[in-house]
Amino acid sequence: MAESGDVDELSRVFINGAHVNARNKHGMTPLMKAAGEGHARMVRALLERGADPNLARNDKFTALALAAFFGHTETVKILIAHGARTEVVTRCGASAETWAIRRTFAEAARCLETHAPKPAPAPAPVGAPAVIKTLKDPPEIWDLVHEEPRGFD
């Protein structure tokens, strides 16, 4: 049903008590099947019914990784808008963005790149005073090269 993209059939299935995050023996959910096929309407409908965009198959592929792997940009956008985490990696250590780049799906890769979380700055050591530099107070060269001055012999 999810791989067919038939949104009308989806309503009938849920009336009969199907669980939106049900998995097969490989850990595949209906959302993952729809995302892999690029059925954007079905992906949206499943997400609206509570499908978890961050569940992973046994090989750690998420719906987002599958959509990126197959170059389904619209599906990638929908998943991101519904909270899919872009930094999650598959069993082989590749992110959704990496899969899109390696498989030459440039538009999907750009979409993932613009939504990738920014790395957090390293926290200052506990109890260390904050150092604020201004244009009138440029950094010392040793602050830039991260070496201790040795002096002259």
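Me: I'm looking at α2 here. What do the buried residues of α2 pack against?
Reply: Start by finding the helix, then look at what surrounds its hidden side chains. In this predicted model, the buried residues of α2 pack against α3, α4 and α5.

Me: And which residues in α2 are buried?
Reply: Go along the helix and check each residue in turn. Here you'd pick out P30, L31, M32, A34, A35 and G36. That's 6 of the 8 residues of α2, so this helix is largely enclosed by the rest of the structure.

Me: What happens just after α2?
Reply: Have a look at the backbone there. G38 takes a positive phi of about 80°.

Me: Let's zoom out. How many helices and strands are there in the protein?
Reply: Count the elements from the N terminus on. You get 8 helices and 0 strands, so to speak a plain run of α-α-α-α-α-α-α-α. As for burial, buried residues make up 35% of the 153 residues.

Me: How do I read the largest nonpolar core? Which residues touch the most other members?
Reply: Think of the core as a network and look for its best-connected members. This core has 35 residues, and L31, V43, L46, L64, V76, L79 and L112 touch the most other members. The elements giving two or more residues to the core are α2 (30-37), α3 (40-48), α4 (63-69), α5 (73-81), α6 (96-102) and α7 (106-115). Of these, α4 gives the most, with 7 residues.

Me: Can we follow one of them? What does L64 touch?
Reply: Leave out residues up to four places away in sequence, and the partners of L64 are V76, L79, I80, A84, R85, T86, A96 and L112.

Me: Now a pair of helices. At what angle do α5 and α7 pack?
Reply: Picture a line through each helix and compare their directions. For α5 and α7 the angle is about 15°, and the axes are 9 Å apart. An angle under 35 degrees counts as roughly parallel, which makes α5 roughly parallel to α7. The crossing in which α5 passes α7 is right-handed.

Me: Which residues in α5 and α7 meet?
Reply: Go through one helix, then the other. From α5 come T73, V76, K77 and I80, and they meet E107, A108, C111, L112 and H115 in α7. Sorted by class, this contact has 5 nonpolar, 2 polar and 2 charged residues.

Me: One last thing: what share of contacts joins residues at least 24 apart?
Reply: Set aside the contacts between close sequence neighbours. Among contacts between residues at least 6 apart in sequence, 64% join residues at least 24 apart.

Conventions. Residues are numbered from 1 along each chain as its sequence is written. This is a predicted model: local features need pLDDT of at least 70, side-chain atom pairs count only at pLDDT 80 or more; totals for chains, interfaces and linings use all residues. Side-chain values use heavy atoms; hydrogens and water are left out. A nonpolar core is a set of buried Ala, Val, Leu, Ile, Met, Phe, Trp, Tyr and Cys residues joined through side-chain atoms within 4.5 Å. Buried means under 20% relative accessible area, exposed over 50%, partly exposed in between (1.4 Å probe, protein chains only). Helices (H or I, at least four residues) and strands (E, at least two) are DSSP runs, numbered from the N terminus. Contact means heavy atoms within 4.5 Å. Axes are lines fitted to C-alpha atoms, for helices over the stretch in contact, and angles run from 0 to 180 degrees between N-to-C directions. Angles under 35 degrees count as roughly parallel, over 145 as roughly antiparallel, 65 to 115 as roughly perpendicular and the rest as oblique. A crossing is left-handed if the near helix is turned anticlockwise from the far one by less than a right angle, and right-handed if clockwise. Ala, Val, Leu, Ile, Met, Phe, Trp, Tyr, Cys and Pro count as nonpolar, Asp, Glu, Lys and Arg as charged, and the others, Gly among them, as polar.
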